[in-house]
Structure formats: C-alpha cells, structure tokens
Amino acid sequence: MTLRMPQLGESVTEGTVDRWLKQEGDMVRLDEPIVEVVTDKVNAEIPSPFEGRLVRINVGAGETVVIGTALAEVEVEGTADAAEPAKPEADKRDEPAPSTPEPRAPSPAASSAEGDRVSPAVRRLLEDNGLELSQVTGTGGAGRVRREDVIAYLAEHRTLAKAKTAAPPSDPRDELVRISAVRRQIAEHMVRSVSTSPHAWALREVDVTNLVEYRAAQKAQFEARHGFPLSYVPFFIQIVCGALMKNPYLNSTWTEEGIILKPYVNMGIAVALPDSLIVPVIKDAHQMGFIDLAHSLNDLATRARNKTLRPEDVRGGTFTLNNTGALGSVAGLSIINQPQAAILSTESIRKRPVAVDDAVAIRPMMNLTMSFDHRIIDGLAASRFLNAVQSGIEDWTPASLKI
C-alpha cells in the first residue's frame, strides 16, 4: 500500500518531509505517526493509514513534493510484496495529474531513471527553468535529485553568469542563516497571497472599556475554575462571528465561477511561534458558547506551541483573527490567509485621552486593522463590517455573552 503526501490545507499544493519517524524495515501500527511533514500552515506528524512493515521510503528528509506524491510503501498482510510493487495500468489513476504538458518523451532508459530520481514537483521545476535532469547532481538517497538541488544549481549558475557585475563580497561579520522548511513555505504562501489578491486596508479605533472592566472583575475566578487565563480573544471571536453573519461577503472565497459565500464561520486564530506563525481553526465558531470558545482556543494555541496540531486543525478556515495586540502592536497591515476574503487584527489596548460627551476622558482604546480582498469587498462593505465589530465591542454588556 502507498502512503501519499496528504492535503494539509485548501491552498496548500506541496509539503516538505521534515523527518521520518520510522525507517525501512520497521513495523508500523495503524494510526501510528510515521513521518513529520511541514507546510506553511502546519508542522504535522502524519499517522499511518495502514498496519504493516515499512519497506520503502520514496521521499527523503528535506525533499518537497506536491500533494498526492507517493511518500513510502507499506507491506500490508494480504497484499503483494511492496518491496517490488507491480505497476499495473490501474495504479496510474491514483497519481496526481501533471499541471503542465508532458515534455517530449525521453528514451526508455532515461525515463526509468528519471522516474526513480525525481518527484513531480522537481520535474516541473526543471521544466519551468529549461533544465535537463542530467545537469543537476542529486544529494538525496541513491542520488535522487531534490528541489533544493535544483534551486542550488540555479543559484550557482546565475551567480556565475553575473560574476562580472556582481556586488563586492558581503561584510565578513555578516551571518548567513539557512532558511527552514517552515519559513520557506510561509514565504512562498505570503508571496502567493499578495500576488493573488489585491489587498486593501482599513483601521478603526474602538473603546473597550466595558470588556476591560468585565475581564478585570472575572479573570481570577475564571482561571481558578478553568485552569487557564481569561483573554480578550474569545470575546472578540463571538463579536466577529456575529458581524460576519450580518456581512457574508467578508466570509467568502473568490473563484473564477463566482464568489462562494460561507453560511458558517470557521475562525482561524493566528498563533505566533518562536520561529514561525500558524493558524489553527475553530470549526463552527458561530455556534459555540463563550466557555466552549475559550477552551477550544486554549487547546489549539497550546497544541500549536507544542507542535502537536493535526492536519484537520488547520483546514477549512473561512476568516482569520490575528491578535497582534498581545505582542504590543498598535497598527499593522496583515496579509490575507488564502483563499479567505479578509483578516482582522486586534491591536494593543492602550489608555489614551479621548473626547467623551464634549469632555476629555482617559479610556482604554484599541485599533482594529483589517486587510481585505478588493476583488470581493469594496470600502462600503468593509466599513459596514467594521461598524458591526466596533459596536459589538463598545456596546458589549454581560448580557451579550453567549454562554
């Protein structure tokens, strides 16, 4: 049986094998973690869908492959020997379809060698850059050509081509930090998002007096009862869910066929990690009570920091809430988490002098900043949504709390 690269998010097209938790010849139990895979959305341990013996690893650590690529072969009782798997015509239905036309067929020997030494993602990268497989020296197992090998080849030869006009060597005090698989995936996803969606940005100042006073009065009792601190985020989630139900285009996805409106809210919550960012998802957040929201939020944030999220924990998000205020930010421009329509950031709460009833008062104030896809949403729709969020925060009372 074949273990394939799983789909780890709607917009994820490829993943990087970080490390194998089992080696060739090891026995694997059903649902036992077998490989750790990294994408821009999640660092996940993939459980084995079979019970048997791992007989072949097809993709080595550090290699990046497209979704559906065969990662390994597991010998399962009652199946043919996977160490020398047959390749009947029917098996071709399971292979991912090529995204570009196939190049002219090489000789049978070359075709066989290429099939053994290169993944579909690497083959596409070679084709896009007009390279032959024989030009690149592979550093993977058995000389397999990896994505990193192709990138290194391109970087080296482009450097040689520009040698005469290259800038002087960098300062010897400079330090080169190698890019991790997670950071590379995040970088590619961010570039893809900006090039896909025309980003527009809005800022709104809100008075959070009611929430601040309620939290101050309840946080000690809440933590004693539930075992974790009471944050502002569950309040914001409930308020934002209500605003999204009234403004459905903020909770939608652009397609060439039309705009897909989502009558439910799967709330993505941005969680900052020491070296990256991840967005786990609270499913059907619009239907949850406050206590359930608080527990779900704490569970996802804890597992994100412990790197124990499951692939399904980062799938299906329809809107993202980014609590940058926890890091001290007062305003910022976030990049939309594709294929969503918008991302809202709650910034730091600061006491400031403001005009209240023609008098100056000191109030806890917070900025809301939002980036939105201008293909779907215009300024009017964005303002209506922010108005709903603002009034939900400023007019909040304990009676507003949906337990």
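This is a chat about charged and aromatic side chains in a predicted model.

Q: Hi! What should I keep in mind about the model before we start?
A: Hi! The model is predicted, so to speak of local features we need pLDDT of at least 70, and side-chain atom pairs count only at pLDDT 80 or more, while totals for chains, interfaces and linings use all residues. Residues are numbered from 1 along each chain as its sequence is written, and side-chain values use heavy atoms, with hydrogens and water left out.

Q: Great. How many salt bridges are there in the whole structure?
A: The search finds 11. A salt bridge here is a side-chain nitrogen of Lys or Arg within 4 Å of a carboxyl oxygen of Asp or Glu.

Q: Which residue does Glu36 pair with?
A: Glu36 pairs with Arg19, and their closest N and O atoms are 3.5 Å apart. The two are 17 residues apart and link distant parts of the chain, with Glu36 in strand E4 (residues 33-38) and Arg19 in strand E2 (residues 14-20). Strands (E, at least two residues) and helices (H or I, at least four) are DSSP runs, numbered from the N terminus.

Q: Is Glu36 buried or exposed?
A: Glu36 counts as buried, at 10% relative accessibility. Its partner Arg19 is partly exposed, at 43%. Buried means under 20% relative accessible area, exposed over 50%, and partly exposed in between (1.4 Å probe, protein chains only).

Q: And what does Arg363 bridge to?
A: That would be Asp207, with 2.9 Å between the closest N and O atoms. This pair also links distant parts of the chain: Arg363 sits in strand E19 (residues 359-373) and Asp207 in strand E9 (residues 199-207), 156 residues apart. Arg363 is partly exposed at 26%, whereas Asp207 is buried at 14%.

Q: How about Asp373, buried or exposed?
A: Buried, with a relative accessible area of 1%. The side chain of Asp373 meets that of Arg375 in a salt bridge, 2.7 Å from N to O. Arg375 is partly exposed, at 28%.

Q: Which residues are joined into one network by shared partners?
A: Asp299, Arg303, Arg310, Glu312 and Asp313, through salt bridges that share partners.

Q: Switching to Glu73: what is the nearest side chain of opposite charge?
A: It is Arg56, 5.8 Å away; Glu73 is buried yet has no salt bridge. For charges, Lys and Arg count as positive and Asp and Glu as negative; His and the chain ends are not counted.

Q: What does the Glu73 side chain make polar contacts with, then?
A: One contact is with the side chain of Thr2, at 3.0 Å, and another is with the side chain of Asn58, at 3.5 Å. A polar contact is a pair of N or O atoms within 3.5 Å; within protein, one must be able to donate a hydrogen and the other to accept it, and residues adjacent in sequence count only if both atoms are side-chain atoms. Glu73 itself is in strand E8 (residues 70-75).

Q: Now the aromatics. How many pairs are there?
A: The count comes to 7 aromatic pairs. In the pair Phe222 and Phe228, the ring centres are 5.5 Å apart and the planes at 80 degrees, so the pair is edge-to-face. Rings of Phe, Tyr and Trp (its six-membered ring) pair if their centres lie within 6.5 Å; planes under 30 degrees apart count as stacked, over 60 as edge-to-face and the rest as tilted.

Q: Are those two rings' residues buried or exposed?
A: Phe222 is buried, at 9% relative accessible area, and Phe228 is buried too, at 7%.

Q: Last one: which residues form an aromatic cluster?
A: Tyr214, Phe235, Phe290 and Trp396 form one.
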